[in-house]
Amino acid sequence: QVHLVESGGGLVQAGGSLRLSCATSDRTFSTYAMGWFRQAPGKEREFVAGISRNSGSIIYYADSVKGRFTISRDNAKNTVYLQMNSLKPEDTAVYHCAAARIYYSSGVAYDSRNYAYWGRGTQVTVSS
């Protein structure tokens, strides 16, 4: 019932930046913890970043993106963002956002099974 729509993907050269957005019309958006996952061809889906509900005071990042990616949320716009800087070819993947209504902790955030709702994804391609 919660529809999530990602946008902002595209083609960028290594070292460049993109900002992904994930929006919903659901008026309870602020009550969801939100996560970003990515999946490259032939590889398993992996956690990228997560942010807790409401003010988003708790944030988690995968080690591979720490220092390069920033997750944030704007509850007035029902939107979560993923700012991606210093992009590398290995960041190439389909990026999905997801929503969870479970109390946020590192164990919860990293496990995709804890997210009940998923967007259809947006493609990010980083050329060398």
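This passage walks through the salt bridges, the nonpolar core and the surroundings of one glycine in a predicted model.

Let's start with the charged pairs. The structure holds five salt bridges, and a good place to pick up the thread is Arg 38. Its side chain meets that of Glu 46 in a salt bridge, with 2.7 Å from N to O. Arg 38 also pairs with Asp 91, this time at 2.9 Å, again N to O. The Arg 38–Asp 91 pair ties together distant parts of the chain: Arg 38 sits in strand 4 (residues 33-39), while Asp 91 lies in the loop between strand 8 (79-84) and strand 9, and the two are 53 residues apart.

How do these partners fare in terms of exposure? Arg 38 comes out at 5% relative accessibility, so it counts as buried, the limit being under 20%. Asp 91 is buried too, with a relative accessible area of 0%. Glu 46, on the other hand, has a relative accessible area of 35% and is therefore partly exposed, since that value falls between the 20% and 50% limits.

Away from Arg 38, Asp 111 forms a salt bridge with Arg 113, and here the closest N and O atoms are 2.9 Å apart. Asp 111 is partly exposed at 22% relative accessibility, whereas Arg 113 counts as exposed at 75%. As for how the bridges connect, those that share partners join Arg 38, Glu 46, Arg 68 and Asp 91 into one network.

Next, the nonpolar side of things. The largest nonpolar core has 39 residues, and the members that touch the most others are Met 34, Trp 36, Leu 82, Met 84 and Tyr 95. Strand 9 (residues 93-100) supplies the largest share of this core, namely six residues.

Finally, a look at Gly 10, which is found in strand 2 (residues 10-13). With a relative accessible area of 25%, Gly 10 is partly exposed, because this value lies above the 20% limit for buried residues and below the 50% limit for exposed ones. Which residues does Gly 10 contact once its neighbours within four places in sequence are left aside? The list consists of Leu 18, Gln 123, Val 124 and Thr 125. There is also a C-alpha separation to report for Gly 10: its C-alpha atom and that of Thr 92 are separated by 9.9 Å, with the two residues 82 apart along the chain.

Methods. Residues numbered from 1 in each chain as written. Predicted model: local features only at pLDDT ≥ 70, side-chain atom pairs only at ≥ 80, totals over all residues. Heavy atoms only, no water. Helix = DSSP H or I, 4+ residues; strand = E, 2+ residues; numbered from the N terminus. Buried < 20%, exposed > 50% of the residue type's maximum accessible area, 1.4 Å probe, protein only. Contact = heavy atoms within 4.5 Å. Core = buried A, V, L, I, M, F, W, Y, C linked by side-chain atoms within 4.5 Å. Salt bridge = Lys/Arg side-chain N within 4 Å of Asp/Glu carboxyl O.
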